[in-house]
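Hi everyone, thanks for coming. I'd like to walk you through a protein model today, one region after another. Here it is on the screen.

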Amino acid sequence: MAMEDSINNQSTSISFGDQAIVRGDVVGGNKYEIKFYALSSTSVSWSQYRQEDRPSQEDPYKFLSYYDTTDADIFYGREVVSDLLVAKISSHKLVLINGKSASGKTSLINAGILPRLVERGYFTIVFRDYGYPTDLIKEGINNLENVNIDLSHCQTMAEVLNQVRHESKRPLAIFLDQFERFFLNLPVQQRAKFTQEFGECLNQIQASSITFIISIRQDFYGNLGEFWETSPEFNTESYFYYLKPLNKSEALSAIKKPLQRLYPNIIYDPDLLENQLLPQLLKGINEESPEQVEPVHLQIVCNRLFDEARTRYQEQLQAGETVIIKENLYQELGGVKGILQGYVDVILDQFLPQEREEAKLILKQMVTSQGTRAFKSLTEISQQIGIAQTEIEAVLERLDRSRLIETIPGEKKYSLTHEYLVQKVNKWYDIKELEIKKAQELFERCFANWKVYRHLIPVNQFKEIEPFKVNLDLDSEKEKLLQHSLWRYYSDRGLKGLIVLLFSVISVYLIRVIPNDIGRLKVESIQGENLNHATRVLSVEKDGNVKEVKVSWGLPDLGGLPKGFYYVEVKNNGYLVRYPVKIEGYRRYLNPITIQIPTDKLSGNLTQDMALIPKGQFLIGNPLESKKEIELDSFYIDKHEVTNAEYRQFLQEIEENPAKYQKLSGDQLFYKENPQNHKPDRWNPPFYNKWSKEPDAPVVNVDWKDAFAYCAWQGKRLPTVFEWEKSAYGIYKSSDKPQKYNYPWGNNLDPTKVKANTGDKWRNKDKWDDRHAERVKSYPDGQSIYGVFDLIGNAFEWTDIWYVGSLVDNDISASLKSDHNKQPVKGGSYGQDIASYPIYKTPHLIDISQKNLQYGFRCAVSKADI
């Protein structure tokens, strides 16, 4: 019987895009999605299916989402590859599609291969979640309402597929997409069972009737060795295809044709497309793939350009006019690199500060320590971060609308929309957090094995888990597994191991008697000189008050520091250097938290080009309303904001001396694991092109950690909010002593005199689009009585609030209860009107990892002898 006749006569044929949600194995109790695609009759076309299921408003680009089956007619650039692989599927038992993350493998399957196969009469089955595949196919087909295939007598994969092939009278294509999840999700024993069954299946099927298509990430390709060992057919009966990035012709098609099909009134300026957009995409973000375009880069950039054009020129489009995407829009958005690097920050910047922190915590749960996406339920996320589910749902909804995350249909399980975002989110973890996360994930996999097979933790894995056992969330069953594995691990090492085990048991008991959050601290110079004798430890209470903590430096435990946040204040060469310290838990005697001070920088010329602010009274708040004063010690503060040229020296030195930087970045907060991460966003000569293009203009687009690291590199620190405000004191009218006013020059604004680089200046000149940071010290009339420039305007400035919080309002004091992850910016900028930012304005609390083209900083330092 001809295939067409078979289809017409098949009364129980599966319909387009049917899917089944089937319960997973007993280990995880998860649910897995399996989809089926086939034509119910030749009278229904794929185009009709798309017409019935397409959304009301479509975008020509998918951003970080993959193309779905309904997107076949806007999927361009992969036509040749799709035709090739369809031909190979019809003549091979196995087709392997390999490529790096974000190469477009899933989109190729959904919108390129699947439609072509289905229109040729194939019955297709698609996996992207992995329990045991044979069981999932059986349960999936049984759950389909319009299919009646009896699989009750089928036990093996070969039996199941041959039965489906016989009753459907169609060739089968089984897609094992994102197959790296198979290796991550299934225990070793189940993987071994399936590889054996898979090999037997390949030996029993016909290439023209049944074909497996495996799509797997490049970095997991070696894991397929588990199949090669048990199945020679895995090599002899397969066709291998490596999916490369798009070439120039493919990329041009993927840029232009979807837009032409859906929005013919929006076009690219040919000069922009040929001479800027396409060449910059072809270079690749790391310039490692010449003449090739990463599909995910293309999607992010083109989606951003399209969305901005559609929003900005909505009236013209409604009037039927043609809108051209030109160079000015492209450059304003930062070009290819700026768009790629900035999208996550753009979305998170739309959240309020507290919501932004919650969003980052949520997103961090969606990555694994191995650098892959993790799908987490609402309950799992809530338990992990300790936030109510109702609050999390509100944030998830916004993240979903922004296409940063995706949701598994039919259940509330969430993950990042693409592996490309994992790299960005992983930067929010420090080294210790990643090590803890890795140990927790490994323990959960071992516990899953324990529940089913009662296997103890293998010795090599126990070695990785044991240092972080205090960080594990243990119930009675998990505690039992850990203790049994602990006993086996040490008893296998003979008498020496039993002695170590004895001490381990004793230490566990002592930790329960003595608080287990004791941390040890050591302060030294970068050269290794012990500075404990010159150090005071200050605790920062939750109400913002500061008190000195008496530390017995010689005792390993009882003389240590309880869990909490501290400052160490080191007196050296007449200077007082203050560093933040976070004690998170127990540290062994020989492994203390080590703070290293760059004493070589504490020389006589450290205060060159700094202004001395003498000791004296400081008025808190609005000078026209407040009567509360406190006394501030004397300090020095930079006369101008740190410039591009000065910051470049910092970057060059830490790049040339990685060993020295590594010492600084060990236990100390706010240094970054990779010195390159201190580079400001969009930092390309000449600096930021438009926003801060002069060497002696302020460095911007830096986060608080960058500002902290630069100041510490100089032997300085960031000024406190109060120090910053006192630096802006001035003399007004008949007064002969420094006082606090709205601005360094007084309480009023004179529109005829420009004394600061603020948004008013550019708006009044009708040059709003030309606004940018200018050279420091450009406005001498705007300096304070102490000779400090640009405190108003040019760039917002990062400051320090952690040990003055009780003296400010409740909102800022609340920062001290948020794990110290927010800090304030002061002073306004070139993009804000001056009236909105008097010097006393309650500062914005900003996530310390937030970068912005209007954020800069200056440094301060204290001396012990003034």
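Let me start with a question: in which loop is Asn-794 found? Have a look for a moment. Asn-794 sits in the loop between helix H29, residues 759-764, and strand E23, residues 796-798. I picked this one because Asn-794 has a positive phi, about 70°, although it is not a glycine. And is Asn-794 buried or exposed? Its relative accessibility is 1%, so Asn-794 counts as buried.

Before I go on, please keep in mind that this is a predicted model. 

There's another residue to put beside that one. Arg-454 also isn't a glycine, and its phi is positive, at about 60°. You'll find Arg-454 in the loop between helix H21 (431-453) and helix H22 (459-465). Here the relative accessibility is 43%, so Arg-454 counts as partly exposed.

Okay, let's zoom out. The chain has 30 helices and 27 strands. It's 866 residues long, and buried residues make up 55% of them. Now take the contacts between residues at least 6 apart in sequence: 72% of those join residues at least 24 apart.

Next, a strand that's well covered. How many residues of strand E3 are buried? E3 runs over residues 94-99, and 6 of its 6 residues are buried. In general, side chains in a regular strand alternate between the two faces of the sheet. You can follow that here: Leu-94, Leu-96 and Asn-98 point one way from E3, while Val-95, Ile-97 and Gly-99 point the other way. All of these are buried, whichever way they point.

So what does E3 pair with? One partner is strand E6, residues 210-217, which runs parallel to E3 and is joined to it by 6 bridges. If you want a pair to click on, the bridge partner of Gly-99 in E6 is Arg-217. E3 also pairs with strand E7, residues 238-242, again in the parallel sense, over 5 bridges. There, Leu-94 has Ser-238 as its bridge partner in E7.

Let's compare that with another sheet. This one is open, with 3 strands in the order E10-E12-E11, and the pairing is antiparallel. Why is one side of E10 and of E11 left without a neighbour in the sheet? Strand E10 (376-377) and strand E11 (405-407) stand at the edges, and each has a single partner strand, so one side of each has no neighbour in the sheet. E11 and strand E12, residues 413-416, pair over 3 bridges in the antiparallel sense. One bridge to find on the screen: Glu-406 is partnered by Ser-415 in E12. Then look at helix H19, residues 389-401, which lies across E11 and E12. H19 runs at about 105° to E11.

Now for the cysteines. The structure holds 1 disulfide. As a reminder, a disulfide is a covalent bond between the sulfur atoms of two cysteines. The two here are Cys-711 and Cys-859, with their sulfur atoms 2.3 Å apart. Cys-711 lies in helix H27 (residues 704-713), and Cys-859 lies in the loop between strand E26 (855-856) and strand E27 (860-863), so the pair ties together parts that are 148 residues apart in sequence. Which hand does this disulfide have? The torsion about the S-S bond is about -90°, so the disulfide is left-handed. Both Cys-711 and Cys-859 are buried. Two further cysteines to look at are Cys-302, which is buried with a relative accessible area of 0%, and Cys-446, which counts as buried at 7% relative accessibility.

H27 leads us to the last stop, the cavities. Rolling a probe the size of a water molecule over the atoms shows where empty space is left. In this structure there are 8 cavities of 30 Å³ or more. Let's visit the second largest, which has a volume of about 70 Å³. It's lined by 10 residues, and the closest to its centre are Tyr-567, Arg-578, Phe-708, Arg-717 and Asp-800. Which elements give two or more residues to that lining? They are strand E17 (575-583) and H27. E17 gives the most, with 3 residues.

That's my tour. Thanks for listening!

How values were computed: Residues numbered from 1 in each chain as written. Predicted model: local features only at pLDDT ≥ 70, side-chain atom pairs only at ≥ 80, totals over all residues. Heavy atoms only, no water. Disulfide = S-S within 2.5 Å. Helix = DSSP H or I, 4+ residues; strand = E, 2+ residues; numbered from the N terminus. Buried < 20%, exposed > 50% of the residue type's maximum accessible area, 1.4 Å probe, protein only. Pairing = 2+ DSSP bridges. Contact = heavy atoms within 4.5 Å. Axes fitted to C-alpha atoms, helices over the stretch in contact; angles between N-to-C directions. 1 Å grid on protein atoms, 1.4 Å probe; cavity = no way out; pocket = protein on both sides within 12 Å on 5 of 7 lines; lining within 4 Å. Points joined across faces, edges and corners; volume = space filled by probe spheres on them.
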